[in-house]
Amino acid sequence: MKTVELPAFAEVVLPISLDRPFSYAIPSPLRERIRMGMRAVVPIQNRIETGYVVGLTHNSSVDSVKTLIDLPDSDPVFSGEIMELCRWLADYYCCSWGEALHSAIPAGIAVRTRRVYRLSMESLTSGRFTDKQRAVVAELNRRGPLTESQLAKAVGAETLSNTLKSLVTRGIVLAEAVAATPAVNALTETWVRLCEESALSSEDLVRLQRRAPKQAAAYLDLLHGPSERRASALCLKHETSLATLRQLAAKGLVTMYEHDVYRSPEASSGHGSTQKHSLNSEQRKAYEAIVAELESNRFQTFLLQGITGSGKTEVYLQAIERALSLGKGAIILVPEISLTPQTVGRFKARYQTDVAVLHSGLGSGERYDEWRRAQRGEVRIVVGARSAVFAPLPNLGIVVVDEEHDNSYKQNESPRYHARDVAIMRAKMNNAVCLLGSATPSIESYRNSEAGKSVRLELKRRATAAELPRVEIVDMRVETRDVGVGIMLSRRLEEEIDARLKSGDQVLLLLNRRGFSPFVLCPSCGWVAQCTDCNVSLTYHAQGAHLNCHYCGYRRESPPVCDECGFKPLLYLGTGTQKVEDYLVRSFPDARIERMDADTTSGKGAHAQILGRLASGDIDILVGTQMIAKGHDYPGVTLVGVVNADTGLSFPDFRASETTFQLLTQVAGRAGRGDKPGLVIVQSYRPNHYAVKAAAQHDYTAFYEREMAVRESALYPPFRRMASVMIEGEDPQETYRTAVRIGKTARGQIESLEFHGIEMIGPAPATLRRLKRKYRWSLGLLSKSTKRLNILTRAIRDAFESSPEKAGCAVKIDLDPYGMM
Ligand code: ADP
Ligand code: ZN
Ligand code: ZN
């Protein structure tokens, strides 16, 4: 018989910027267990890191390989599919495979330190050992580094501590603190099972009853009742301890084993409607198109463009139901779970217990449990935010990306992936369906549907009797002329708020800026309160009268007089949500007014509580940032006011118009979802801007066409692909020099024939020239060729990473960047 040869070397990738696998010798005791996709604890330089096994071989091309230290898990954490997906992600977003894999597993798999013992070179020469010392040395020699508890199992715990201490003192054994990754801290409980094959004879039973009545009682219970029980329950019943069961186990009468228990995340938030609707004709058409692809196991991306309230969610729900009946799994991505408790509630309610929820609000243990349930095929549906796109569901049939235009799908730290694009790739690798849903599709997704890369399905009518709300634009320039400078609410908006308060309806007011006022200015000398670490003005917050930096969190007391010249009073310019709330409280003293923004929702469950009060009618006016615009369905809301539609338009970002259009459309969609018609009042100083006008007319196509013309004239995405390279450092001179050097590298590469056709902008000071004490320079790269851009950014990255002097600088590369550069 031929024995299978075990692998002797492992290729391991690490969550570091170097994108290559490292070779390690596998100690023989681990050779039988090691598998692809497992985590591995390995030495690298003079550290210990946890990496991922991406290859197994019988021989190594490297001369002096180090030895792998440990395999913390009994099973692989990644399937081949996720490893392949992450390899693609690393190539596309310019990071290492190890970094990509690292972002694909829940943070709950934490790194802990533990002490291990290993032999030093001395051990070969030194002579006299006690028996115990000899046993320890032999064991370490045979098995490599071990913890004290591993040694205790092998040689006995007795006098082990002292033995180790003396061996360490003599320099024979080395003790090291290792950043080892514990076997994932799954929660287990002990169960006990009767061993059918070793029953007691009646004589032995009588003897046992006499000598150990509790053991006998437990034994008889298992023999006559259910033969498998939770140990704690059995002990409780017979008023005894686990030791009793262990004695039965020692006699071979029962076996004890650990059974996983799952921590259950908070129950669904209740107020989602669960009733299954029969689809209307538009929904049915969409459903049938999706299901046809599902049934024939074909990869296809769909863009479900449905106005707010058109019943997109019902289409998701039924398509997923079909996927389940075909034995396939489903992933539903939602932008930010805390803002969309209703959506999650609807999924949970419809499918009962079969839904795992993954999001950052869960404790790490909970998150890991949910992940594991998916991996073992115990749930077929995973709902979650961005990182749920990596959920380890086997046999994936459909990935839904709800509100696909939402910017929170883009991760703004390395790896800077966009979950929607990863979702499409994942569906492709699985011959699955990717379903993107939005009332206001991203320009990229809509263009893909125009270009035939995806199939567009449209829902043009609301699913219920409710009509889309009427939208009025108030020209704030006229208001200023007639009423005065600095007016917050127009006469029209105030009048309508008043009317709703009288009729008992609810009002939402949007202002996408938190705090009281964004500028504090000295009218005498012109001093502006600024952050010491960032190049931005501080925002005045009325609660506790302090100044706050919205970029780094820096906070100081609000000065009563000018820092520079001592003048008072200072001016508090501009308007944030607190100022609006303050104004409302004074103007409408009888109304119940609340505010929802990052400042009022920092506590756990705070969003849900505010939304709960809105749902139960305990709030008359809710003022808030873009948080109030997300997918809520509150029938009592009949008026939505937008305090300033222009806040986002002036951002130095080529997506500023798109973001504004989406926000206005989304918030408008919150009005009039019940029986009464809705009204939206949009205040703007730029009422003729196409983003504002198109949103007021509920006209996506008009917006799309104008926006595409603007993008085309500048050859911005989607006409070319963009990459941004950010150079950051604390020293202004060094950062500047590094930026210039990187600019030269890039220019050199571009001018070599291969990269012809890449446009380079900069290096130039970034929009935020200084952030969190770091000076920032940015370099923009634009190209029609994705491939060339990828090769170029990788070359820039490698050149920087391998350069000997980094001068305290860091380089961040972002493909398809969002936000200001
Ligand atoms: P969207 O996700 O497109 O904004 P929703 O899925 O939230 O829309 O649907 C809006 C409302 O219409 C919900 O209250 C939902 O229960 C209801 N609804 C959806 N489909 C139907 C249908 N076919 N018949 C009646 N009501 C429906
Ligand atoms: Zn001053
Ligand atoms: Zn700051």
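This dialogue walks through some features of a predicted model, from the whole chain down to single residues.

Reader: What should I know about the numbering and the model before I start?

Author: Residues are numbered from 1 along each chain as its sequence is written, while chains are lettered from A and ligands numbered from 1 in the order in which they are written. This is a predicted model, in which local features need pLDDT of at least 70, side-chain atom pairs count only at pLDDT 80 or more, and totals for chains, interfaces and linings use all residues; side-chain values use heavy atoms, with hydrogens and water left out.

Reader: How many helices and strands does the protein chain have?

Author: Helices (H or I, at least four residues) and strands (E, at least two) are DSSP runs, numbered from the N terminus. The protein chain has 25 helices and 32 strands, and its C-alpha trace spans about 100 × 65 × 60 Å along the principal axes.

Reader: What share of the residues is buried?

Author: A residue is called buried under 20% relative accessible area, exposed over 50%, and partly exposed in between (1.4 Å probe, protein chains only). By that rule, buried residues make up 52% of the 821 residues in the protein chain.

Reader: Which residues coordinate the zinc ion that is ligand 3?

Author: Donors are N, O and S atoms within 2.8 Å of the metal (3.2 Å for Na, K and Ca), and since water is not among the atoms, sites may look incomplete. For the zinc ion (ligand 3) the donors are the SG atoms of Cys531, Cys534, Cys549 and Cys552, at 2.2 to 2.3 Å, and in sequence these residues are spaced C-x2-C-x14-C-x2-C. Cysteine 534 lies in the loop between strand E20 (519-521) and strand E21 (539-541), and cysteine 552 in the loop between strand E22 (546-548) and strand E23 (555-557), so the pair ties together parts that are 18 residues apart in sequence. Cysteine 534 is buried, with a relative accessible area of 2%, whereas cysteine 552, at 28%, is partly exposed.

Reader: Why is the arrangement around the zinc ion (ligand 3) called tetrahedral?

Author: Four donors count as tetrahedral if all angles lie between 85 and 135 degrees; four count as square planar and six as octahedral if opposite donors are over 155 degrees apart and all others between 65 and 115, and anything else is irregular. Around the zinc ion (ligand 3) the four donor atoms subtend angles of 105 to 114°, which makes the arrangement tetrahedral.

Reader: Which residues are the protein donors of the zinc ion that is ligand 2?

Author: The donors here are the SG atoms of Cys522, Cys525, Cys562 and Cys565, lying 2.2 to 2.4 Å from the zinc ion (ligand 2). Their angles of 106 to 114° make this arrangement tetrahedral, and the spacing of the donor residues in sequence is C-x2-C-x36-C-x2-C. Cysteine 525 is in the loop between E20 and E21 and cysteine 562 in the loop between E23 and strand E24 (571-573), so this pair ties together parts that are 37 residues apart in sequence. Cysteine 525 counts as partly exposed at 42% relative accessibility, while cysteine 562 is buried at 4%.

Reader: Which residues come nearest to ligand 1?

Author: A residue is near a molecule or strand if one of its heavy atoms lies within 4 Å of it. Of the 19 residues around ligand 1, those that come nearest are His277, Gln283, Gly309, Lys312 and Thr313. An oxygen atom of ligand 1 lies 2.8 Å from a backbone N or O atom of glycine 309, and one is 2.9 Å from an N or O atom in the side chain of lysine 312. Helix H12 (residues 312-325) gives the most to this shell, with three residues.

Reader: What is unusual to look for in the backbone?

Author: Most residues other than glycine have a negative phi, and most peptide bonds are trans. In this model a cis peptide bond, with omega about 0°, joins lysine 568 and proline 569, and proline 569 is placed in the loop between E23 and E24. The peptide bond from glycine 762 to proline 763 is also cis, with omega near 5°, and proline 763 is found in strand E30 (residues 759-771). Glutamate 239 has a positive phi, near 50°, and counts as exposed at 66% relative accessibility.

Conventions
A polar contact is a pair of N or O atoms within 3.5 Å; within protein, one must be able to donate a hydrogen and the other to accept it, and residues adjacent in sequence count only if both atoms are side-chain atoms.
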